[in-house]
Amino acid sequence: MARISDETRRDNEAAIRHVMERLLAGDVPAGSKCDIKTLAAQAGVARTGFYPKKNRDGSPRPGPYQHLAEEFERRLTELRETGVIPDPRAAQIERLKEQVSGLKERLAARDAQIDGLTDFRERALSQIAAQRMEIERLREQAAAVGNVRRLPAARGGPAPYGSCS
């Protein structure tokens, strides 16, 4: 691969910086992300220039635009830490993740409430059944003794001494 001239490198760096500012300001092309791949494509440079290289002896050396990639990642991280997400798609993903988290919490609370109400219903039905059995036992016991008289059923008319209100 041929080496590029200093003038071409300066032009490329200026183009990369211009695209970097646009991407970090939120002007992300449709179907793209706010990342190194889009940065390289929009600036018209090879993406490989943003990553470290190896010399012929195997020793590492920085890529020609690696410092710009590091600056881009640093600034992108700073924006995210302050709550600004320049990529609209990433912002939507974050919003949806928060919404899903909230819905999961609500669902867990509803499940706990339903479990509690189910337990309450089972206890209430059990108590009602036990009370019914006790009433039937007492009625049978009262009928067996024979010295208990039933009171006449209440009449639907007004109370004999006036209303309670």
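Which residues does leucine 39 touch, not counting residues up to four places away in sequence? In this predicted model, leucine 39 touches Ile16, Val19, Met20, Leu23, Phe50 and Phe72. That list is a good way into the structure.

Start with the core. The largest nonpolar core has 18 residues. Those with the most contacts inside it are Ile16, Met20, Leu23, Leu39, Val45, Phe50 and Phe72. Three elements give two or more residues to this core: helix 1 (6-24), helix 2 (36-43) and helix 3 (66-81). Helix 1 gives the most, with five residues. There is a general background to this. In soluble globular proteins, nonpolar side chains tend to be buried together.

Now take helix 2, the home of leucine 39. Its buried residues are Ile36, Thr38, Leu39, Ala40 and Ala43. They pack against helix 1 and helix 3. Just after helix 2 comes glycine 44. Its phi is positive, at about 75°.

The next stop is phenylalanine 50, one of the residues that leucine 39 touches. Is phenylalanine 50 buried or exposed? Its relative accessibility is 2%, so phenylalanine 50 counts as buried. Phenylalanine 50 also has an aromatic partner, tyrosine 65. Tyrosine 65 has a relative accessible area of 4%, so this residue is buried too.

The structure holds one aromatic pair, formed by phenylalanine 50 and tyrosine 65. Such a pair needs two values. A pair of aromatic rings is described by the distance of the centres and the angle of the planes. Here the centres lie 6.0 Å apart, and the planes make an angle of 50°. The pair is tilted. It links distant parts of the chain, 15 residues apart. Phenylalanine 50 sits in the loop between helix 2 and strand 1 (53-54). Tyrosine 65 sits in the loop between strand 2 (60-61) and helix 3.

Helix 3 comes next. It has 16 residues. From its first C-alpha to its last it reaches 22 Å, close to the 22 Å expected at 1.5 Å a residue. The buried residues of helix 3 are Gln66, Leu68, Ala69, Glu71, Phe72 and Leu76. They pack against helix 1, helix 2 and strand 2. Glycine 83 follows helix 3 and has a positive phi, near 95°.

Two residues on that buried list deserve a closer look. Glutamine 66 is found in helix 3. Why does glutamine 66 count as buried? The cut-off is under 20% relative accessible area. Glutamine 66 has a relative accessible area of 15%, so it is buried. Its side chain reaches the backbone nitrogen of glycine 63 at 3.0 Å. Not counting residues up to four places away in sequence, glutamine 66 touches Gly49, Phe50, Tyr51, Pro52 and Arg61. Phenylalanine 50 thus appears again, among the residues touched by glutamine 66.

Glutamate 71 is also found in helix 3. At 18% relative accessibility, glutamate 71 counts as buried. Leaving aside neighbours within four places in sequence, glutamate 71 is in contact with Arg17 and Met20. Met20 is one of the core residues with the most contacts.

Finally, step back to the whole chain. The domain assignment gives domain 1 (9-86) and domain 2 (88-143). How far apart do the C-alpha centres of domain 1 and domain 2 lie? They lie 54 Å apart. Five residues of domain 1 are in contact with five residues of domain 2.

Note on methods:
Residues numbered from 1 in each chain as written. Predicted model: local features only at pLDDT ≥ 70, side-chain atom pairs only at ≥ 80, totals over all residues. Heavy atoms only, no water. Core = buried A, V, L, I, M, F, W, Y, C linked by side-chain atoms within 4.5 Å. Buried < 20%, exposed > 50% of the residue type's maximum accessible area, 1.4 Å probe, protein only. Helix = DSSP H or I, 4+ residues; strand = E, 2+ residues; numbered from the N terminus. Contact = heavy atoms within 4.5 Å. Phe/Tyr/Trp six-rings, centres within 6.5 Å; stacked < 30°, edge-to-face > 60°. Polar contact = N/O pair within 3.5 Å; in protein donor to acceptor, adjacent residues only side chain to side chain. Expected span 1.5 Å × (residues − 1). Domains from an automatic or database assignment.
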